[in-house]
Amino acid sequence: MARFKHYDYEQTKMIPLRFADQIQPGTFEYTLNHVVDNELDLTVFESRYRNDYNGAPAYDPALLLKIVLFAYSRGITSSRKIAQACRENIIFIALSADSQPHHSTLADFISRMDEVIAPLFTHVLMVCDGMNLIGREMFAIDGCKLPSNAAKEWSGTRAELTRKQAKIDRAVARMLTAHHASDQADKPPEITEREQAQIKKLEQVSAKIKKHLATEPERLGQRGTAVKANLTDNDSAKMKTAKGVIQGYNGVAAVDDKHQIIVHAQAYGAGQEQHTLLPMLTGIDKRIRDLNPTKPERGILQRAQITADSGFHSEANMKLIYRWGIDGYIADNQFRKRDPRFIDSTTYAQQQATRRKERGTKHSRFIPADFDYDPHNETCRCPAGKAMWLSLKGQVAGKDVIRFQGYRKDCRVCPLKHQCLRNPTQQEGRQVSYYPKAPKAAPSYMERMKHKIDSPMGRHIYSKRLGTVEPVFGNLESNKGLKRFTLRGKEKVNAQWLLYCMVHNIEKIATQGKVMH
C-alpha cells in the first residue's frame, strides 16, 4: 500500500517576513511603490490634516494611495474588500507595511480624491514623458460608457417624476383605506405587517421624489431641452450602449499612439460625445504644457494628428478642427459604407444589389438622360429624334425647372412608345423635366472632412485609431475589472476615472519604461 507524507492544515508556522522583499523589481507593485515615493508631489494632501500638535497621527497619504491604486489594478473597488486584502494578501500587507487601515478611512480617502487627482495625474504623465513614452504624433479620442452607482428606474423629467409621485400617493391612499376598512376583520399578523411595510416603503419613495423636485432644478441637455434626471445621481444620464440602455457616465480619454499613454481623461454624464471634443482638445493642450512648467510646450494641437470616431462628428466640431488648424481625422457614420475595403461584406453587397434592382425597375422606361437636351438653346429631342416643345420654364417647389413635352401626333404613332410612355394608350405626349444647376456652393466642413478621410492617406491614418485607444479600454474593462463606477456625482466619478487611467499609465511605466532599482 502506498505511503504519503503527513500534512496538517491546523498546524502553525512562524515565518520571518521582510515587506520590501515582497515587492519584487519588474512588477507593477514595485513600479507603483517607486513612483509614489519618488516621483509624486504629495504636498497636495497637506491641507487635509490639522494634527501638527494635537490629535492622533494619520495614515500617510502615500501609503493609502499605493493601496487604492494597487486595489484598482486588481479590480477591487469596495473599501471593505480593500481593507480585507490589507489583512490577508501579502502584497497588500507589504505595500501598506501591515498598517491595516479601516475601510472607513479608505472610503473617505477615495471619496475626496477629486480635490487632488488632477496634479497627481499630471505628475504620472511627467514620469511617462521623462521615459520618452509620449510620442506627440497622434492622439486618439474615444469614450467608454459605464454604469454608475444609480438605477435607471429612478430617472425621469420633472413632469414624469411628478406623475410618478402622484401615482404612488394614490396607491398609498388606496392601501390605507383598505387597511382601515379591514381593521375589524381577523387578519393574520404577518399579512398586516407586510401591508404596513409596503405602505411605509411607498411613502419613502414619494418623499424622495418630493425632495428631489423641491431641491433640484430642471436638468437641461446640450440643446436646452429638458432631459431625464436621476434621483440617486443627478449628474449621471441614461445612454445607449451595445449591451442596452444604462444609467451611467461616459469616460472619454485621449491616448497617445506611441505607447498608448492616456494624456487626458474626463468623465461626462451624457451619452452624446459631440460636445466633449472641445474640452478634450483643450485638455490635451493643457496637459502637454504642464509637462514642462518652466518652458511650456505650445502648439501641440497644430503639430499632432487628432483622430476620433463618428460620435464626435458634427458640423460645429469640423469647423473647430479647420479653424484651429488641426490635422484631424474624424469619421462620419457612413464612413464604412464608402470604404472600398468593405465592398465585399455581406451587408454592403446586399444593400447594393437591392439598390441596383430598384433602379432597374424604376428605370425600365426612358429616363431624362436618354433625351437630347440642349441647355444653351433650351431645346430637347426624344430618343426617336422628334423635337419636343417647351411646356414650362419657372420654379416648382422653390426649385428652377425647365420642362419639355412631346407632340401628341408624334407620340401616338412612335414605335418606341412602349419604352417611353407610362401608358402606351395615353393621349398626352411624354414629359421630361430638367433642373438647371445652381452655382456650386462651397463644401461644408463635414464634406471637407469626408473627402479628407476617404483619401488613401486619410484611411491609413484613421485606421491607427482603433489600435491606439481600443486596447486601452479593453485593458481597463477586462484586465483591471472596471465594470462600473462606484461613486456618485460627476466630480467623484471623474476622480475614479482618472485613478484608473493613472493605473494604466503606471502599468505602461512598468512594462515600457525603466524604473530605477
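**Note on the cavities and helix α9**

1. The second largest cavity holds about 40 Å³ of space. This value, like the others in this note, comes from a predicted model.

2. Which residues line the second largest cavity? Its walls are formed by G156, T157, R158, L161, H212, E216, P217, E218, R219 and A229. Sorted by class, this lining comprises four charged, three polar and three nonpolar residues.

3. One residue of that lining, H212, also appears among the buried residues of helix α9. The others buried in this helix are I199, L202, V205, S206, I209 and L213. Here, a residue is called buried when its relative accessible area is under 20%.

4. Helix α9 covers residues 189-215, which makes 27 residues. How far does α9 reach from its first C-alpha to its last? The span is 39 Å, close to the 39 Å expected at 1.5 Å a residue.

5. On cavities in general, rolling a probe the size of a water molecule over the atoms reveals where empty space remains. In this structure, two cavities of 30 Å³ or more are found. The largest cavity contains about 130 Å³ of space.

6. The lining of the largest cavity consists of 16 residues. Those nearest its centre are C382, D410, C411, C414 and C420. Two helices, α15 (408-412) and α16 (417-420), each contribute at least two residues to this lining.

7. How do the lining residues of the largest cavity divide into nonpolar, polar and charged? Twelve are nonpolar, three are charged and one is polar. For the second largest cavity, the corresponding lining has three nonpolar, four charged and three polar residues.

How values were computed. Residues are numbered from 1 along each chain as its sequence is written. This is a predicted model: local features need pLDDT of at least 70, side-chain atom pairs count only at pLDDT 80 or more; totals for chains, interfaces and linings use all residues. Side-chain values use heavy atoms; hydrogens and water are left out. On a 1 Å grid over the protein atoms alone, a cavity is a set of points where a 1.4 Å probe fits but cannot get out, and a pocket is an open set with protein on both sides within 12 Å along at least five of seven lines; lining residues have an atom within 4 Å of a point. Grid points are joined across faces, edges and corners, and a volume is the space filled by probe spheres set on the points. Helices (H or I, at least four residues) and strands (E, at least two) are DSSP runs, numbered from the N terminus. Ala, Val, Leu, Ile, Met, Phe, Trp, Tyr, Cys and Pro count as nonpolar, Asp, Glu, Lys and Arg as charged, and the others, Gly among them, as polar. The expected span of a helix is 1.5 Å times one less than its number of residues. Buried means under 20% relative accessible area, exposed over 50%, partly exposed in between (1.4 Å probe, protein chains only).
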